[in-house]
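Please read the following walk through one protein model with the coordinates open. It moves from the cysteines to a sheet, then to a strand pair, a helix and a pocket.

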Amino acid sequence: MNDITISQPFHGVLEKEGRSHSNWGLSRSTKPAVYVEPISYADVQAVVRDAQRFPSPVNPVGSLLSVTSTIVNDGGTMLCTRKLDDIVGLEFDSTGRQIVRVQAGCRLKKLNMWLQAQGVEIPFQAEIGEATVGSVAVGDTKESSLDGAGYFSAHVVALTYVDEKGELRTLTDDKDGVEFHEFKCSFGLSGIIVECQLEVRPATLCRSDLAIEVFQSPEELAQGLIVKREACDALFAVVFLHHLASFVDQRYKAGLGSVTPASSQPACDEFRIAKRLAVQRGFEGVEVPQPKGLVYSRHDFVNEYWRPSADEFRLDFQYYEHDISQLTRVIVETYQFIKDFEQQTGFTPNGWATYFVHRPEKYKKPFGLYSGGPGISFSFDPICSNPVEPRWQQFAQQYNQLAIHTLGCNASPIQTQWLKPGDVKIPKKLARPRFTTKYYGQFLD
């Protein structure tokens, strides 16, 4: 049986030249022994079963968007899911829910455009359209959702994956409860996802009022965000903390619909393009319009970004999750920290992306971000336009100490850089040696 298993053919792209692969921001690179692009589930099984031809660890990647060292797998096997990108279709599952079946390598922009044409949606407005379904199904995401949880994996109701023995398995929320919810917290360390089922609903429209506000103190800024959030259905903000200012997007439900109405054009597209450019460049030198009463389809605001060159401004960031009760303390103490850091180095982050996420029952998110039980979390994500700027890296490392160990935040191994062992804890039971890279290994607890 072993000889038959080892000789199982692989039909996708196979490359063993030891080339270097970099993440989107060009801040991390790796030289795997083997790079593969499977074109079938059987290909993925063949890779996992043959440890001689495809050395451990086998690390699945999508669009290489992570800002951390998640892609680093020198001497191992990099398995890119980009060609497993079919949208299988809409159907109803055994519980009567309408779902879309989609392969793991499908980009979120492609999925959103397809769903828009069908008049349905996932209530999650992704910011980065190149992110792949498989990566966000078991990774960390955030979004100030009008009427959803605010993180993508909350809408995953079933997934099919290849386990450490190369077997194809399926887990569903209604039949595999605990195991299913734990798998979604695994960062791909429990198995390689090849297909997901996502619950969908009739598409809805959003309305936004956008503005820039300036405050006299960090306490007033924090209170301003609280007041703005209470006055709308959802709030997204970019806080320019060093200027005591914030760009706020107050979001409201606007009824059924899958297409941005003509009455919102061209203002909608002007805002979308400016926002996309601001994100692309790490909020460096881009003015974003501030329209009021902008009605739009969330599908249209899932943007794609070009892969930058090393001499371009490009987004880099950190991620920190706090309970909403800590909002004022986090802003006040962070303000003092950045003022001290600016005085010492002349550097401050470009801004702080602030999202508000609804936490579910503990059993639905047993580990990692949003695992604190029912409540509201907010993320406070410092942004930079140059990932390799030494002062930005120094800032991130020093701020980790404050955010994690003083302010008590949760951090993300895929969105928080320069973490040390103990800063993040991933349960050992979620990790299989065949899939666990050195980077992830340092966080196993």
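Is C232 buried or exposed? The model is a predicted one, and in it C232 has a relative accessible area of 12% and is buried. Buried here means under 20% relative accessible area, so C232 falls within that class. The closest cysteine sulfur to that of C232 belongs to C206, at 12 Å, which is too far for a bond.

C80 gives a similar account. Its relative accessibility is 4%, so C80 counts as buried. The closest cysteine sulfur to that of C80 is in C106, 13 Å away, and this too is too far for a bond. A disulfide is a covalent bond between the sulfur atoms of two cysteines. The cut-off applied is a sulfur pair within 2.5 Å, and the structure holds zero disulfides.

C80 also leads into a strand. In β6, C80 and M78 lie on one side while T77 and L79 lie on the other, and all of these are buried, so both faces of the strand are covered. In a regular strand the side chains alternate between the two faces of the sheet.

In what order do the strands of the open sheet that holds β6 run? The order is β1-β4-β6-β5, four strands with mixed pairing. At the edges stand β1 (13-15) and β5 (58-61), each with a single partner strand, so one side of each has no neighbour in the sheet. On average, neighbouring strands of this sheet are turned by 20° against each other, direction ignored.

Strands of a sheet pair through backbone hydrogen bonds, either parallel or antiparallel. On one side of β6, which spans residues 77-80, strand β4 (residues 34-37) pairs with it in the parallel sense over three bridges. Within that pairing, V34 has T77 as its bridge partner, and V36 has L79. The pairing of β5 with β6 is also parallel, over four bridges. There, N59 stands opposite M78.

Elsewhere in the chain, an antiparallel pair can be followed. Strand β14 (residues 204-214) is joined to β17 by four bridges, and the two run antiparallel. One position to look at is S208, which stands opposite L294 in β17. Strand β17 covers residues 294-297; L294 and Y296 point one way, V295 and S297 point the other way, and all are buried.

Next comes a helix. Which residues of α5 are buried? In this helix, residues 173-183, they are F180, H181, E182 and F183. The strands they pack against are β10 (156-162), β11 (168-172) and β12 (192-199).

Helix α5 also takes part in the second largest pocket, supplying three residues, the largest share of the lining. Together with α5, strands β10 and β20 (351-359) each supply at least two residues of that lining. Rolling a probe the size of a water molecule over the atoms shows where empty space is left. The second largest pocket has about 400 Å³ of space. Its lining is made up of 23 residues, and those nearest the centre are A154, H155, K184, E199 and K364.

Terms used. Residues numbered from 1 in each chain as written. Predicted model: local features only at pLDDT ≥ 70, side-chain atom pairs only at ≥ 80, totals over all residues. Heavy atoms only, no water. Buried < 20%, exposed > 50% of the residue type's maximum accessible area, 1.4 Å probe, protein only. Contact = heavy atoms within 4.5 Å. Pairing = 2+ DSSP bridges. Axes fitted to C-alpha atoms, helices over the stretch in contact; angles between N-to-C directions. 1 Å grid on protein atoms, 1.4 Å probe; cavity = no way out; pocket = protein on both sides within 12 Å on 5 of 7 lines; lining within 4 Å. Points joined across faces, edges and corners; volume = space filled by probe spheres on them.
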